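Reader: Hi! I'm new to reading structures, and I'd like a close look at one helix and then a walk through what else is there. Could you take me through it in plain language?

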Amino acid sequence: MLDKEQTLSDIVLNNAQCGLLIIDSDYLVVDSNSWFLNAAGLSPDGCLGEKIFTLFAFEQPKTLKRVIDQACQYGMASVLSSSLHPRLFPLKNRHHQPIEQLCFVTSIKYSGRRFCLIQVQDVTDPTAREKKLRHITTQLDKCSLALKYSPSSVAIFNSDGLIEFINPKFSEMTGLSESKILNMNYFSLTCISSYQLETEVWALLRDGQEWVGECLKRNINGQEYWTQDHIYPIQSHDGTISHYVAVQNDITQLRNITHEISFKSTHDSLTGLINRQEFERVVTATVAQAELATSNYLVCFLNIDKFKLINDTCGHAGGDELLYQFATICQSHFDKSHVIARLGGDEFATLITSDDSESAIRRMEALIDTIASFRFRWGESVFSLGVSIGLTIIDETIKNTDDVIKQAESACDIAKDFGGNRLHIYQADDKDLIQRQGDTYWAAKVNQALEADSFVLFAQPIIPLQQQDKISFEVLVRLKDQSGQVIAPGLFLPAAERFNLSHKIDKWVIDHTLDWLANHEHELSEIDHLAINLSGLSLNNHVLLAHIIQAIEARKIEPSKISFEITETAAIANLEQAQQFIDVLRCYGCKFSLDDFGSGLSSFAYLKNLKVDILKIDGMFVKDILNDVIDEAMVRSINDIGHVCGMKTIAEFVENAQVKQRLTEIGVDFGQGYGLGKPMPIDDILLSKLDVA
Amino acid sequence: MNQALLSDEHNDTLCELFNIGMGRAANSLSEMVHEEVILSVPQLNTVKASPTSLALSLGQSRYLHAIEQCFSGDLSGQAYLVFDDFSGVDLVRQLLGESAMCQDLGELEQETLTEVANIILNACFCCIAEVLECDIESDVPLLLKGTPNELFHLQFSNAGLAPYLLTVSMTFQLPSKSIKGQVSILMATESLQKLIKELERFSLIYT
């Protein structure tokens, strides 16, 4: 010590809670306090007058030497940080653990000399705290970065629902600044609007459970968005909950996509109506609850009449447009409580909920009228439409969805078989009949009949109305079933057409008619010709064409004894090939007539293109000719046009003598119908012609 | 203004003194961190001191770390080693080899920065005192943080009459990075005149 006597300052120095060491310019220890001696494990006598560098082994003696030099020579003060020299002196605490040090070096003047005063502070604990804090801060920084750039919005609110923290995404989603959001109620801000929902959420949260759900929200600009919310209660160590973390993810896009996908999977893209699967699902659900329900449920199967014709004539674009317009009419006809579906092609279905079945049926009948009065326009063409509807009522006998739709479909087939444009109600008791209506049933029957030769020929007279002409007959085909019952073509021909069997029937009819002609050649001088019906499919069939000529040749029959009847619609569906077919047979000597003229496209323009010999005026104009002036005018004009084109005319559906009389006056050449002669087995012609003659 | 105060010759001498000081400081730093540290001194400038001139000398910095060391004796004033924006943080991180996630200096890092500045400033003052054979004492360094205005407004009140500002721009060349800093010495006119006198005495002896 500088002075051996204990002064107050000595006492103070020796009680200081830091190390003090005085060193002279020769690096000799001049003085030190108790703290330093204790920490260094030295006795006062053991260090005074000793060179500091011999007392301690320093890691970086140069640093200490520099600061001592600067202090003793120039009066410079220095800092020796704990970060760069944590253990400058090898000091230990009472528990023999190393002490981390921060040293301040100052220059002191005493007796005209400069000395270096080193003040050593124990910073072990603060350094450890600092390092821990540093570590936590770094972790926190990472967390806040994660929160800052998180695509999810995060909010923390307290037990009153008031928001205390949000991340930038939360601000972005709500469109509100952070300062506005803080202290707002989480639930009012995020539009968990229903009080009930909010109560439910709170109940769960307060119970320590998390809540997950989807919510529709609205941002400051009024734009709606969907989020999936996860709200977690934050429990302290004693289980109390003071805060809640809410994480929201914007799922608007996801929902839209999901919605779009589910819409596409349940809807028909052309009409926007639900599709078959979805309709079946709805019907299944309805069937399941039908017993309990007080309402009546009706399923209808709708099929557009003559759709194929329009599709073939106008192309697929026209067909699609028709389907779309048809769907639109149906939609405007029913209110939203009824289900309308497109099952595929030109098949539609409805599920009607009604207090009483009668009114529902009337509604369906009204739809038929609406469709009938509708005109579909495509380019320059205008088409009238019809719809066949099969209707069935869902009752307790229904076992499954398939049954319901099948019932409606078969009822629709019956409606079609009866000529279309009508409603048929399914009845469980005519089940046998229903079964017989099935296409597959009839297709099989037709095949059987072709093999077993169980078709029979009928003929209906075509009577001259203007005296000078000979009688002709239209050959008709009938199916004789096992029981010997004769079945009209209305039942099996549509099935044959759908299963591409009609040309086989045509061939059968042609062969058998020609056989019959050949067999009775000499008895038929009074008969002008026999008219054979040809289906649309046959008109494209070159093999059949060759076969017809071959068959006539083989039997040596006068070709003019035969006429072929084709329908306007069949001819127009493939005009070019049909014309070729007609031309070949006409050149050969056969006659052609255009059947049902006026019921289809009714365009006189076709008459210029289609070279035929006879025009058959559709029965629907003829039957009311006595009462309806328009019908009469139609018949008259068709007749006139026909004559101008060089054709003979035949009126169908001549049901009585008055009609016959009027037709004669108009100048129609021939008449056909129940009033003039019913269809009869072909052999009966030989008897009946005498009557007529 | 500075032309009138410091001649080119004075300027060159001072620059040389700072160069030597920086060289020594670089040496000390290199030994401490076991990495080569080079300190370059590009230029010295003297202007009439005001908060504005100090702010100007620091460019567009928004946030500063400054280590203040007061000195007294034959020459007196305040010396600052100033790091703009995050260069102080960068320097410490480079020296301590820490990651650069956080933008704030912790307690330990502040100590480090203080010691680094202390080494540089002491080296320069020792060199001046040694060469000019004058007596300068310095206080323990102090770390200041804030915007230029916050930092220096108060300091001017203790700067004595018509203070001048002597600025020395410098660059720390570390192996991986170069970091800019500036030594600014705030001296009263009286003190600056003493410095000039000492410089002239030095010139007479050595020329």
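Author: Sure, let's start with helix α21 of chain A, residues 542–555. It has 14 residues, and at 1.5 Å a residue they should span 20 Å; the C-alpha atoms at its ends are 20 Å apart, so expectation and model agree. Keep in mind that this is a predicted model. Just past the end of α21(A) comes Lys556(A), with a positive phi of about 55 degrees.

Now for another helix, α17 of chain A, which covers residues 439–452 and holds Ala443(A). Is Ala443(A) buried or exposed? The answer falls in between: Ala443(A) has 18 other C-beta atoms within 10 Å, and a residue needs 20 or more to count as buried and 12 or fewer to count as exposed. That is why Ala443(A) is called partly exposed. Leaving aside residues up to four places away in sequence, Ala443(A) touches Ala495(A), Ala496(A), Phe499(A) and Leu501(A). You can also compare sequence and space here: Ala443(A) and Glu497(A) are 54 residues apart in sequence, yet their C-alpha atoms are 9.0 Å apart.

On to the strands. Strands of a sheet pair through backbone hydrogen bonds, and they can do so parallel or antiparallel. Take a look at strand β25 of chain A, residues 648–651. With strand β24 (residues 614–617) of chain A, β25(A) pairs in the parallel sense over 4 bridges, and Leu615(A) sits opposite Thr649(A). Strand β26 (residues 670–671) of chain A is also parallel to β25(A), joined to it by 2 bridges; there, Ala651(A) faces Gly671(A). To get from β25(A) to β26(A), the chain passes through helix α27 (residues 657–666) of chain A, making a right-handed β-α-β crossover.

What about the two faces of β25(A)? In a regular strand the side chains alternate between the two faces of the sheet. In β25(A), Lys648(A) and Ile650(A) are on one side, Thr649(A) and Ala651(A) are on the other, and all four are buried, so both faces are covered.

Next, find the open sheet of 5 strands in chain A that runs β12-β13-β11-β16-β17, with mixed pairing. Its edges are β12 (339–344) and β17 (423–425); each has a single partner strand, so one side of each is left without a neighbour in the sheet. From one strand to the next, the twist averages 20 degrees. Inside this sheet, strand β11 (residues 296–304) and strand β16 (residues 387–394) of chain A run antiparallel and share 8 bridges, and Ile304(A) stands opposite Val387(A). Helix α14 (residues 357–373) of chain A packs on the sheet, touching β11, β13 (347–354), β16 and β17 of chain A, with its direction at about 170 degrees to that of β16(A). Helix α15 (residues 401–417) of chain A packs on the sheet too, touching β11, β13, β16 and β17 of chain A, and its direction makes about 145 degrees with that of β16(A).

There's another open sheet of 5 strands in chain A, in the order β7-β6-β10-β9-β8, and its pairing is antiparallel. Here β7 (163–166) and β8 (211–218) are at the edges with a single partner strand each, so each has one side without a neighbour in the sheet. Ignoring direction, neighbouring strands are turned by 30 degrees against each other on average. Strand β6 (residues 153–158) of chain A is joined to β7(A) by 3 antiparallel bridges, with Ile156(A) and Phe165(A) as bridge partners.

Let's zoom out. Chain A has 28 helices and 27 strands, and 35% of its 693 residues count as buried. Chain B has 7 helices and 7 strands, with buried residues making up 45% of its 207 residues.

Finally, where do the chains meet? 27 residues of chain A are in contact with 27 residues of chain B. On the chain A side, the elements giving two or more residues are α5 (61–74), β3 (78–80), β4 (101–110) and α6 (124–148). The largest share, 7 residues, comes from α6(A). Sorted by class, that side of chain A has 8 nonpolar, 13 polar and 6 charged residues.

Methods:
Residues numbered from 1 in each chain as written. Chains lettered and ligands numbered in written order. Predicted model: local features only at pLDDT ≥ 70, side-chain atom pairs only at ≥ 80, totals over all residues. Contact = placed C-beta atoms within 7 Å. Nonpolar A, V, L, I, M, F, W, Y, C, P; charged D, E, K, R; others polar. Expected span 1.5 Å × (residues − 1). Pairing = 2+ DSSP bridges. Right-handed = clockwise from strand over helix to strand, strands pointing away. Axes fitted to C-alpha atoms, helices over the stretch in contact; angles between N-to-C directions.
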